[in-house]
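Q: Hey, I've just opened this one and don't know where to start. Can you walk me through a few spots?

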Amino acid sequence: IDKHYIFFLMIFHTWEFIGFYGLVYFLYLKLSHNSQNRALLISSYYFYASWDWRFLSLLIISTTVDYICGRRIENAKFPTVKKKLVCASIFTNLSILGIFKYYDFFAQNLQGLLLYFNIKIEPYFLDTVLPVGISFYTFQSMSYTIDVFFGKVKASRNFFDFALYVSFFPQLIAGPIERATRLLPQILQVRVVKLEYFYRGIYLFFWGIVFKILLADNLAKIADPVFASAGPYNGSSVLLATYAFTIQMYCDFAGYSFMAIGLALCMGIELMENFRRPFFSRNISEFWRRWHISLSSWCKDYMFTPLYISLKNLKVFSGFSTKNQVGIIFFFSLLVTLFFLGLWHGPSWNFALFGIYHAFLIGLYYYTSKKWDKLVVPIQITLTFHLVCLGMLIFRANTLRQAWDMFLSIFINFHGELI
């Protein structure tokens, strides 16, 4: 098979993918429930292997480890054994993610830090491409074992059904990041493909294409040249590029989510909503309840809440008043969570700063919420949107220095003409 053809299987808005999906869907309608699941699993693995078959091994490793850990957690009699098993699952997934996505980044930064102190080292670099979808399926698979540990879901008895939960191709490479409590029961139960689901699925897929091709791709033509420039920057061009990129990001992410939800719905599978009109948010906290919902809710449930509870139980800030303790623990947990949420997007300090920036904004909102909430709603929405745009400037800039120079240009080098 031509490599060009199988690569484009991973891009939903190509004729190659539509042909692939049409064949899978035709077979899907003809098969019994168990056969549907096996066909979807084979199709999902072929879909992922079409990009690079070697990285399919990482997906299988993550799936196998979490399947085994889930079964043993449920059967274990002692809490210490269960804790060791859930830690093994988390360690495996974070190791896969850390090595293939972040190893070179941190090795390069360590090399630069030591060189600052006149210590020269030559670390080994993997120098490999980032495995597509690795941030999505490791989080999805890992959350399953955590949910089994806390008794939120029963361990899967069938390896192939669990493997389909991890690798279901419509949401494998761009989300939404599903939960075992939602998706796994739909895989295990007999599904009915209703005509209304099909129509709604096609409708969502169509709007996903509109968001991606007509909006996101054309907005990129406005934003990319400005961010590719080495400066000096015209503030008006930077402002236009920032607005364009902010909306581009939404249309890109939301477009793929709409397409994924639509494709799954045609099969009788309901995926979670991932975007809920985020630019109409009245504050930054509400924004994160509307933006990339599957990721933000994942970080809240599996990072922020456990960290907050752990710190509160440890009483590490016992020297402060109860009110101040709660505030400090809340903000520290928020800062750590959003720092890693930022890095989740990629190995760059810009992404890390993006997360820190939003942590400070959320903390500031809660500190000033009584005054903020008294503002008229259109002002709240407008201010929130512009705070989001500033974060997107940090997110999109190639370096922290470029982000700073572009930000300054809006105030000190603003010209009416767009160049």
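What follows is a chat about helix packing, one threonine and the cysteines.

Q: What kind of model is this, by the way?
A: It's a predicted model.

Q: OK, helices first. How do people describe two packed helices?
A: By the angle between their axes and the distance between the axes.

Q: So at what angle do α2 and α3 cross?
A: Roughly 165 degrees, with the axes coming within 10 Å. Helix α2 covers residues 15-30 and helix α3 covers residues 33-49.

Q: Are those two roughly parallel or roughly antiparallel?
A: Roughly antiparallel, because the crossing angle is over 145 degrees.

Q: And is the crossing left-handed or right-handed?
A: Right-handed.

Q: Which residues meet there?
A: From α2 you've got Phe17, Phe20, Val24 and Tyr28, and they meet Gln36, Leu40, Ser43, Tyr46 and Phe47 in α3. By class, that contact has 7 nonpolar residues, 2 polar ones and no charged ones.

Q: Let's move on. How do α10 and α15 cross?
A: Their axes cross at roughly 95 degrees and come within 9 Å. Helix α10 is residues 235-266, and helix α15 is residues 377-396. That makes α10 and α15 roughly perpendicular to each other, since the angle falls in the 65 to 115 range.

Q: Who makes that contact?
A: On the α10 side, Val238, Thr242, Tyr243, Phe245, Thr246 and Met249. On the α15 side, Phe385, His386, Val388, Cys389, Met392, Leu393, Phe395 and Arg396. The contact divides into 10 nonpolar, 3 polar and 1 charged.

Q: Let's zoom in on Thr242. Is that buried or exposed?
A: Thr242 counts as buried, because its relative accessibility is 5% and the cut-off is under 20%. You'll find Thr242 in helix α10.

Q: What does Thr242 touch, beyond its neighbours in sequence?
A: Leaving aside neighbours within four places in sequence, Thr242 is in contact with Phe227, Cys389 and Leu393.

Q: How far is Thr242 from Ile222 in space?
A: They're 9.4 Å apart, C-alpha to C-alpha, and 20 residues apart in sequence.

Q: Cys389 came up there. How many disulfides does the whole structure have?
A: The search finds 0.

Q: Why no bond for Cys389?
A: Its sulfur is 13 Å from the closest cysteine sulfur, the one in Cys251, so that's too far for a bond. A disulfide needs the two sulfurs within 2.5 Å.

Q: Is Cys389 buried or exposed?
A: Buried, at 4% relative accessibility.

Q: And Cys266, buried or exposed?
A: Cys266 counts as buried too, at 2% relative accessibility.

Conventions:
Residues are numbered from 1 along each chain as its sequence is written. This is a predicted model: local features need pLDDT of at least 70, side-chain atom pairs count only at pLDDT 80 or more; totals for chains, interfaces and linings use all residues. Side-chain values use heavy atoms; hydrogens and water are left out. Buried means under 20% relative accessible area, exposed over 50%, partly exposed in between (1.4 Å probe, protein chains only). Axes are lines fitted to C-alpha atoms, for helices over the stretch in contact, and angles run from 0 to 180 degrees between N-to-C directions. Helices (H or I, at least four residues) and strands (E, at least two) are DSSP runs, numbered from the N terminus. Angles under 35 degrees count as roughly parallel, over 145 as roughly antiparallel, 65 to 115 as roughly perpendicular and the rest as oblique. A crossing is left-handed if the near helix is turned anticlockwise from the far one by less than a right angle, and right-handed if clockwise. Contact means heavy atoms within 4.5 Å. Ala, Val, Leu, Ile, Met, Phe, Trp, Tyr, Cys and Pro count as nonpolar, Asp, Glu, Lys and Arg as charged, and the others, Gly among them, as polar.
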